[in-house]
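Welcome, and please have your viewer ready. We will go from the whole chain down to single residues, one selection at a time.

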Amino acid sequence: TRRRRATTATRWGRARASMDDDDARSERRYVREGDRNVDVRRERGNCYGCGVALQTKDESIAGYVDAAEYATKAVHRHYDMMLCARCAALSNGKFVNAVEGQGGLKAAPGLITPKQLRDQLKPIREKKALVVKVVDVTDFHGSFLKKVRDVVGGNPILLVVTKVDLLDSKTDLDALVEWVGREAETRRLSLAGIALVSSRKGSGMRDAVLQMMRERNGRDVYVLGAANVGKSSFIRAAMDELRSAGNYFAPSKRLPVASAMPGTTLGVIPLKAFEGKGILFDTPGLFLHHRLNSLLGPDDLSTMKLGASLKKFVPKTPECAEPPGFDSFQGYSLCWGSFVRVDVVRCPPNVAFSFYGPKSQRVDIIKTSDVPPTTPGQEEAALRVVNEIDFVPPTNVVGPLVDLSVSGLGGWIRVEKTDSRGDGAILARVYGVRGLEVFARDVMPTP
């Protein structure tokens, strides 16, 4: 195989596919060695866990394998049968970053930029393929990829909503499918189908795989989505489902690594998953900088344990801060961990706030007048207004009114009326860390 010549401006470490034909090999993309991200010399072959080009020079850079191991594999031309050191650490629960900008990480040798990850998806527009778009149900709006058509062109899209096992077991899944369909219509996104799945428990996987097989019509399948939505986990579960259905072409070993670290997959990974024609491709997650899990570093991600089952917490309504004399959240701030705060400016007594999220995120209630001022010199780290709700709820409605979905947290705040008495205007300001987005959305049908 001839090596592609490098340009003087940008050198690339070639990522070679495991298939023999040139078209399949061209699917594997490259890792840039540019001015800011000076990279080590890359070898032939790719890590089967993350797709990055291999290297034997620096253990701290993604793609590293021991030189002796590489030499042994190279003798037998097993270039795509090696797992890099970073993927081995991720598989054991470590949080090891390889993407510039994750947690505010600046450019450094060997880091891959979000643009490089996105550029690897450009060829999909020119392919005739089925696109499996994966969305995290606990962060539906934050992980939806509003401009997905810019990436995939006119290819049909099967929407797979993952992590449904994290929702309350009493959730009406039929109602949830209808809600997802309405949200897609709101974004003018036509879909080939919708599947709700739990990759971890296997629920919904049979339906998802059947829809995928029906819609692909012999075409390649590209699985894409935002970083850390569960693409690799879905692929691993899909391979299990295919094998259980008698498709022994689906691999059971050397599958993409799944971890809680955003940016686990760094290159396009081809899998011979189907009988006959067609390849299934795992793809790098697209980094959306408005998501909390993209703003946090490895230590914070490890501590917060995002991706655990959602816990619902309903704080008791305190006595109104101003004016006193009745119970209301008016004049109080609800602090959700260190990253989100809701200042309730106006609120009638029949309005409650429920928090759905990781149990590691405590909710503390203090009077807004007691919120500490920003320390001089710490303005960049201070919470800032990221959204505001200001409306008068209908008098004949009792129950949920609106969800405030915190992008990348895997949770939301629900505003609801507890009874029909004492109606009035609701004004609340949501504060978050710099760059965070909080979406006001129609209520998701969950208890």
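## Starting with the whole fold

Before selecting anything, think about contacts: among those between residues at least 6 apart in sequence, 68% join residues at least 24 apart. Keep in mind as you look around that this is a predicted model.

Now switch to a cartoon view. You should find 10 helices and 18 strands. The radius of gyration is 24 Å, close to the 22 Å that the globule rule gives for 447 residues, so the protein is as compact as a globular protein of that length. Turn the C-alpha trace along its principal axes, and its span is about 80 × 50 × 35 Å.

Next, show the surface. About 20,500 Å² is exposed, with carbon and sulfur atoms supplying 49% of that area. Buried residues account for 53% of the 447. If you colour by charge, you will pick out 66 positive and 52 negative side chains, and the centres of these two sets lie 6 Å apart.

## Into the cores

Hide the surface and select Val132, Phe234, Met239 and Leu280. These belong to the largest nonpolar core, which has 60 residues, and they touch the most other members. A second, separate core has 52 residues, including Ala227, Val344, Val430 and Val438. As background, nonpolar side chains tend to be buried together in soluble globular proteins.

Which residues does Leu280 touch, not counting those up to four places away in sequence? Centre on Leu280 and display its surroundings: among them are Met212, Val221, Val223, Ile235 and Met239. Ile269, Pro270, Leu271, Ala273 and Phe274 are also touched by Leu280.

## A buried serine in a loop

Select Ser407, in the loop that runs between β15 (399-406) and β16 (411-417). Is Ser407 buried or exposed? Its relative accessibility is 0%, so Ser407 counts as buried. Leaving aside neighbours within four places in sequence, Ser407 is in contact with Asp139, Gly142, His290, Arg291 and Leu292, and also with Leu436, Glu437 and Phe439.

## Two positive phi values

For a look at the backbone, move to Leu145, in the loop between β3 (129-136) and α5 (148-152). Phi of Leu145 is near 60°, a positive value in a residue other than glycine. Leu145 has 10% relative accessibility and, with the cut-off for buried at under 20%, counts as buried.

Then jump to Asn228, which sits in the loop between β6 (220-225) and α8 (231-244). Here too phi is positive in a residue that is not glycine: the value for Asn228 is near 75°.

## Two loop glycines

Select Gly325 in the loop between β9 (311-313) and β10 (332-336). At 65% relative accessibility, Gly325 counts as exposed. Draw a C-alpha to C-alpha distance to Pro348: Gly325 and Pro348 are 12 Å apart in space and 23 residues apart in sequence.

Last stop: Gly422, in the loop between β16 and β17 (426-432). Its relative accessible area is 40%, and Gly422 is partly exposed. Which residues are in contact with Gly422, leaving aside its neighbours within four places in sequence? Show Pro348, Pro349 and Asn350, which are those contacts. To finish, draw a line from Gly422 to Val344; these two are 78 residues apart in sequence, with 17 Å between their C-alpha atoms.

Conventions:
Residues numbered from 1 in each chain as written. Predicted model: local features only at pLDDT ≥ 70, side-chain atom pairs only at ≥ 80, totals over all residues. Heavy atoms only, no water. Helix = DSSP H or I, 4+ residues; strand = E, 2+ residues; numbered from the N terminus. Rg over C-alpha atoms; globule rule 2.2 N^0.38 Å. Buried < 20%, exposed > 50% of the residue type's maximum accessible area, 1.4 Å probe, protein only. Contact = heavy atoms within 4.5 Å. Areas by Shrake-Rupley, 256 points an atom, 1.4 Å probe, with all protein chains shown as cover. Lys, Arg positive; Asp, Glu negative; His and termini not counted. Charge placed at Lys NZ, Arg CZ, Asp CG, Glu CD. Core = buried A, V, L, I, M, F, W, Y, C linked by side-chain atoms within 4.5 Å.
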